[in-house]
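Here is a walk through one protein model, from the overall fold down to single residues. Keep the coordinates open as you read.

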Amino acid sequence: MPAAHVSGAASELAPDWLTCPQDVNTLDAKLWAQDVARGAAGELEVSGIGVRELKEQFGTPLYVVSEDDFRARARAFKQAFDDAFSSLCGGVDVYYAGKAFLSVEIARWVAQEGLRLDTCSGGELAVAARAGIPGENLGLHGNNKSDAEIHRALDMGLGRIVVDSLDELARVGAIAAARGEMANVMLRLTPGVHAHTHEFIATAHEDQKFGLSMAADPGQEQDRTEHDAGAPAQSVGSPAAQAVAAALAHESINLLGLHCHIGSQIFEPEGFALAAERLLTFVAEVRDDHGVDLHELDLGGGYGIAYTEADTPRPPAELAQAMAAVVRAATERLGIPVPRISIEPGRAIAGPSTFTLYSTGTRKTVQVDVDGGGSRPRRYVSVDGGMSDNARPVLYDADYSAVLASRVTEAAPIISRVVGKHCESGDIVVRNVYLPEDIEAGDLLAVPATGAYCWALSSNYNYVARPPVVAVRGGEARLIIRGETEDDLLARDLG
């Protein structure tokens, strides 16, 4: 195959962590669902079903979810955090973050495994309602909830409405009062913790849209020395402090407690620990200022998963034990009761449970300049999907991996870039991966860890239909979300 020379192209063919594999057929277990393996003939299988059978029955692109893996990860979080916190607060409420990947069937899995469900819109509440999840096991997030969404939350008797601003607190209170009801409210605070993640998915620093700041308003600072010499002054007069006072004073608001979320795809526990420390200190301030113990504290989610060989996710038990130690130490130091803790994993449950199956099409090879002179080849492999079924690479520069799924080969590996079919040069599915040199049109390629924020962010760019979602369990595959058709694409077009 002729190779074009790319003059002045980026010299780095692959990141430092990407080593050339000895065997391109090997699967890195941490990237895949627990029941994904190579079959006797070398074909990728999930729960004993080969990818060629899946393609024949459902087509490609195709999201393939291991139901057993999804359920096992949900149980692991519930069990690990219950074990770690049982002696502190009787266990933990685990809210699955539905924004990661949600359907009626997935909502049912969540409920059956003993988890609650966190939603971010009226549409997600509608999914929860159809799945039959009781309102008391639901939460509603969002920085700009509509009046209709607030009414719906009250209609459904939601266990919690996570309020994001002073304006929203006033609206929730007014709507609840007009209905003669009480609204169960958590206040989302921004603890000022800078998580080591992409800017667009870091959510606890000050300069972003979410949450009530814990930083004091310089015009409203007060001297706490006379009545509490030991209390930090950072939150006096802050929007967070104002919100607590307003919520406690409102006859139609039941203030449950506090909530924070420091970001997503985070591997190190220090950020979670610091956020917990700051929020518990604030809980102590609320007790001192108002004589009220806040009974609930949500420490969010954002636990990282493995997208590539460089990622090293921590098991739920390790996360749980580390967080429990911080909560124990902080509450003992502050002399406050341990609130009921809740967490919100989404990606860490859904992400590894799913892979996307593609059919390969056109290929080309270019020569790319390298440091020190000379050039090396880079293979471009096109697939029949792309940014419409996985927007994360173009949104966050997200890295993924990929394997030849339909067969094994003894061909040499070549650094490759997997690209989609859309009319965008940024339509890249996997930026750098070693694939076998003999990949050809019609082969099947699998991209692991696509359960979170892939189907959820999918689009119809270039009028491409969104793929179906297939759940596999016990050697059987079934559609849980059907793929779109051209009739679906045209159904809302009134021309």
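**From fold to residue**

The secondary structure of this protein amounts to 12 helices and 22 strands. The radius of gyration is 25 Å, close to the 23 Å that the globule rule gives for 495 residues, so the protein is as compact as a globular protein of that length. The model is a predicted one. Along the principal axes, the C-alpha atoms fill a box of roughly 80 × 55 × 50 Å.

Next, the contacts. Take those in the protein with a sequence separation of 6 or more: 71% of them join residues 24 or more positions apart.

Now the split between inside and outside. Of the 495 residues, 54% count as buried. The accessible surface comes to about 20500 Å². Carbon and sulfur atoms hold 48% of that surface.

Charge comes next. The protein carries 42 positive and 69 negative side chains. The centres of these two sets lie 4 Å apart.

What about the interior? In soluble globular proteins, nonpolar side chains tend to be buried together. Here the largest nonpolar core has 108 residues. Which residues have the most contacts inside this core? They are F81, F85, Y96 and L187. Pick F85 and look around it. Leaving out residues up to four places away in sequence, F85 touches G90, G91 and V92. On the same count, F85 also touches A320, M323, A324, V327 and I341. Apart from the largest core lies another, of 22 residues. Its members include L27, L44, L54 and L62.

Two loop positions round off the tour. Start with S238. This residue lies in the loop between β11 (212–213) and α7 (239–249). Is S238 buried or exposed? The cut-off for buried is under 20% relative accessible area. S238 has 0% relative accessibility, so it counts as buried. From S238, look across to V430. The two are 192 residues apart in sequence, and their C-alpha atoms are 44 Å apart in space.

Then go to G335. Its loop runs between α9 (316–334) and β14 (340–343). Exposed means over 50%. G335 counts as exposed because its relative accessibility is 51%. Now trace a path from G335 to L62, one of the residues of the 22-residue core. G335 and L62 are separated by 273 residues in sequence. In space, C-alpha to C-alpha, G335 and L62 are 53 Å apart.

Note on methods
Residues numbered from 1 in each chain as written. Predicted model: local features only at pLDDT ≥ 70, side-chain atom pairs only at ≥ 80, totals over all residues. Heavy atoms only, no water. Helix = DSSP H or I, 4+ residues; strand = E, 2+ residues; numbered from the N terminus. Rg over C-alpha atoms; globule rule 2.2 N^0.38 Å. Buried < 20%, exposed > 50% of the residue type's maximum accessible area, 1.4 Å probe, protein only. Contact = heavy atoms within 4.5 Å. Areas by Shrake-Rupley, 256 points an atom, 1.4 Å probe, with all protein chains shown as cover. Lys, Arg positive; Asp, Glu negative; His and termini not counted. Charge placed at Lys NZ, Arg CZ, Asp CG, Glu CD. Core = buried A, V, L, I, M, F, W, Y, C linked by side-chain atoms within 4.5 Å.
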